[in-house]
Amino acid sequence: MAETLLSVSGLQVHFPIRAGLLRRRVGMVRAVDGVDLDVARGETLALVGESGCGKTTTGKAILRLVDPTAGSIRFGGEEIARRGQRELAPFRRRMQIIFQDPYSSLNPRMTVGAILSAPFEIHRIGDAGQRRARVAELLEMVGLPQEAARRYPHEFSGGQRQRIGIARALALRPELVVGDEPVSALDVSIQAQIVNLMRHLQVELGLAYVMISHNLAVVSHVADRVAVMYLGRIVETAPREALFFGARHPYTQALLAAVPEPVPGRRRTRHVARGDVPSPARPPSGCHFHPRCPLATDACAREAPVPREIAPGHRVACHLVQP
Amino acid sequence: MTAAATSARMDAGPAQQVPLLSVRGLELHVPSSPQALRLIDGVSFDLDRGETLGLVGESGSGKTLTALSIMRLLEPPLSGLVRGQVALDGVEVMALPEGEMSALRGRVLSMVFQEPMTSLNPVMTVGRQIAEPAMRHLGLGAAAAASRAQELLRLVGIPDPARVAASHPHLLSGGMRQRAMIATAIACRPALLIADEPTTALDVTVQAQILELLGDLQRELGSAILLITHDLAVIAENAHRVAVMYAGRIIEEAPVDALFAGARHPYARGLLASIPRIERARPDALPEIPGVVPAPGERPAGCAFAPRCARAASRCHAEAPPLVQTAPRHRLACWEPFDG
């Protein structure tokens, strides 16, 4: 097992719900409600789940783009959960993010060259010539032509813009990249290009990825390990193969059963989870999944299950799963 | 529809009845310099009662514009640029006065959109919105229409129809809103339902429920469904036939089994190969289609896919291949296809 790069334990992120003229606090959303996860150097951990499960907030908290309410985030062995912005500066260049919609995260008034050299200016790295050379290197790395540096984001297609977003994230040679639905907005033929590029860059640069996605088929092509979230909590964590072919949590099983397969006539009678995902502002008692779970018992409504290891690296939070 | 029913209809021969929907030579060309934007570039297809045709393609392929043209929901100036024929049950609708078309919309044909918030009225209760077409088209009184609305909400799988009927759309979850929009769309038991990415904005567990619901409704009402999506897995599980669009044209059309087992157009084949699948042994890389879809104003002469195509020959760059029948129920537009 490679060295642990990131270690998160007991992470909580709560947001106040405000209402009325005076914006009084009327409640709390526990967007992230006690998350534990580890990421080794060079590996990909996928964080999957449906809308409102807290996967994006978890990713942002890891990068300290939102403040954690409680818990520990250790990066390269150092605690960063409670550092101030100035003390975080040396860590910023070691961890980066790729967004779902690169267009909204690329300044439309800057050329691609200026966008890609901005990280060097912010961190005062190199002179003008060195920056230009590094930009050229980045463009080549992500498969864009050199003249792209003189053009503007709107001149590129969605897939090319995502390449620009990746190049910018890699500019400062980070060790960890959080990808927040990096291929979800792309057409399927382009999606394959970006998935392949990200895997290639990972091997080349020894990157660790936290891949946030709702698309399980894509995740099965990029992840080494998978953590499944539901309403702020991780319900199951397992190595890729154990998760996709031996899932134990009823929610993971429902999620996998719902993935449509590109095979005509394969449509099964599904154990489709009933109803919708409840609002994270009013999560159900006990196990958050119990109102939709076909197997739920009284205990599930009363008490939140604690994650337990049922096989090496395979942890499940479910009262009904025995090791 | 079952395979037996399909073949029984095929045996009866094409002269048996007119298709429910027949589209011929549909075009939407926007004048521009240096070349017109050919947003829809000669689309023709038929759709039968009780049948689901999947219209699949990547962004910019023209699939949504095709749907909006059939519904005659495009706004000026685009609406004035649509050419071609659209016949519903043998009746040409492109030239109908707007008043007559509007009487058909909601009653004979209706549409489900990707984002329900844009098509539901935010200031009207859900029940009212479902009741309204029933009052307008079926002549129901207010009370009868209100109870019909609740019945429809129950039919689309909403557990507490009375509460939902009294709610405004923004109070509902995404899945509930999508169900409410489907209830509105089927309120008058339309013969044709056009569903444009009906589940793309939804979570995967809710998507499975909505697609199952559409299938159930089709069996019950006998409606024809035009299912527009970029997701080939959704097509595989929910359509009988599939038409693949690229750059404003249909490039291949076949029954789903035939297409998934042996697509002949290099683009259709590449698209199928690039879908990520959950497999025990994963490949080192996903098969990709190189390059990007050309913008509508930058289409090459000849086949629009030729610049990205490994099989392209000189003819492909010079002359656009027509969509021709290559086998019963299989149409193809390619000069250099894979073997069938």
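A residue is called buried here if 20 or more other C-beta atoms lie within 10 Å of its own, and exposed if 12 or fewer do, with partly exposed in between. With that in hand, let us walk through this predicted model, beginning with a helix where the term is put to use.

That helix is α1 of chain A, which spans residues 55–62. It is mostly covered, with 8 of its 8 residues buried. You can pick them out one after another: Lys55(A), Thr56(A), Thr57(A), Thr58(A), Gly59(A), Lys60(A), Ala61(A) and Ile62(A) are the buried residues. Just after the helix, Arg64(A) takes a positive phi of about 60°.

What does α1(A) pack on? To find out, turn to the sheet of chain A. It is an open sheet of 4 strands in the order β2-β1-β4-β5, with antiparallel pairing. The edges are taken by β2 (24–40) and β5 (78–79) of chain A; each has a single partner strand, so one side of each is left without a neighbour in the sheet. Strand β1(A), residues 4–19, runs antiparallel to β2(A), and 13 bridges join the two. One place to look along this pair is Arg18(A), whose bridge partner in β2(A) is Arg25(A). Now the helix can be put in its place: α1(A) packs on the sheet and touches β1, β2 and β4 (70–75) of chain A. The direction of α1(A) makes about 120° with that of β1(A).

Further along chain A, two helices lie against each other. The axes of α6(A) and α7(A) are 10 Å apart, and the helices pack at an angle of about 20°. Angles under 35 degrees count as roughly parallel, and that is why α6(A) is described as roughly parallel to α7(A). Their crossing is right-handed. Which residues make the contact? From α6(A) come Gly158(A), Gly159(A), Gln162(A), Ile166(A) and Leu170(A). From α7(A) come Ile190(A), Gln193(A), Ile194(A), Leu197(A), Leu201(A) and Leu205(A). By kind, the residues of this contact divide into 7 nonpolar, 4 polar and no charged.

In the loop between β7 (176–180) and α7 of chain A sits Glu181(A). Its backbone deserves a glance, for Glu181(A) has a positive phi of about 50° although it is not a glycine. Is Glu181(A) buried or exposed? With 20 other C-beta atoms within 10 Å, Glu181(A) is buried.

Chain B offers a residue to set beside that one. Arg189(B), which is not a glycine either, also has a positive phi of about 50°. You will find Arg189(B) in the loop between α8 (174–186) and β7 (192–196) of chain B. Arg189(B) has 16 C-beta neighbours inside 10 Å, so it counts as partly exposed.

While we are in chain B, look at its strands β1 (21–30) and β2 (37–47). They pair in the antiparallel sense over 8 bridges, and a hairpin of 6 residues joins them. Within the pair, Leu26(B) stands opposite Val43(B) in β2(B). The loop between these two strands holds Pro34(B), and a cis peptide bond with omega of about 5° joins Ser33(B) to Pro34(B). Another cis peptide bond runs from Pro76(B) to Pro77(B), with omega near 5°. Pro77(B) belongs to the loop between α2 (63–71) and β4 (82–88) of chain B.

One more stop in chain B is helix α9, residues 204–221, which contains Glu212(B). This residue has 17 C-beta neighbours inside 10 Å and so counts as partly exposed. Glu212(B) and Asp89(B) are 123 residues apart along the chain, and their C-alpha atoms are separated by 27 Å.

Finally, how do the two chains meet? The contact takes 38 residues from chain A and 36 residues from chain B. On the side of chain A that touches chain B, the elements giving two or more residues are α6 (158–170), α7 (188–205), α8 (216–222), α9 (240–246) and α10 (250–258). The largest share of that side, 6 residues, comes from α7(A), the helix that also packs with α6(A). The residues on this side of chain A divide into 19 nonpolar, 11 polar and 8 charged.

Methods:
Residues are numbered from 1 along each chain as its sequence is written. Chains are lettered from A and ligands numbered from 1 in the order in which they are written. This is a predicted model: local features need pLDDT of at least 70, side-chain atom pairs count only at pLDDT 80 or more; totals for chains, interfaces and linings use all residues. Two residues are in contact if their C-beta atoms, placed from the backbone, lie within 7 Å. Ala, Val, Leu, Ile, Met, Phe, Trp, Tyr, Cys and Pro count as nonpolar, Asp, Glu, Lys and Arg as charged, and the others, Gly among them, as polar. Two strands pair if DSSP finds at least two bridges between them. Axes are lines fitted to C-alpha atoms, for helices over the stretch in contact, and angles run from 0 to 180 degrees between N-to-C directions. Angles under 35 degrees count as roughly parallel, over 145 as roughly antiparallel, 65 to 115 as roughly perpendicular and the rest as oblique. A crossing is left-handed if the near helix is turned anticlockwise from the far one by less than a right angle, and right-handed if clockwise.
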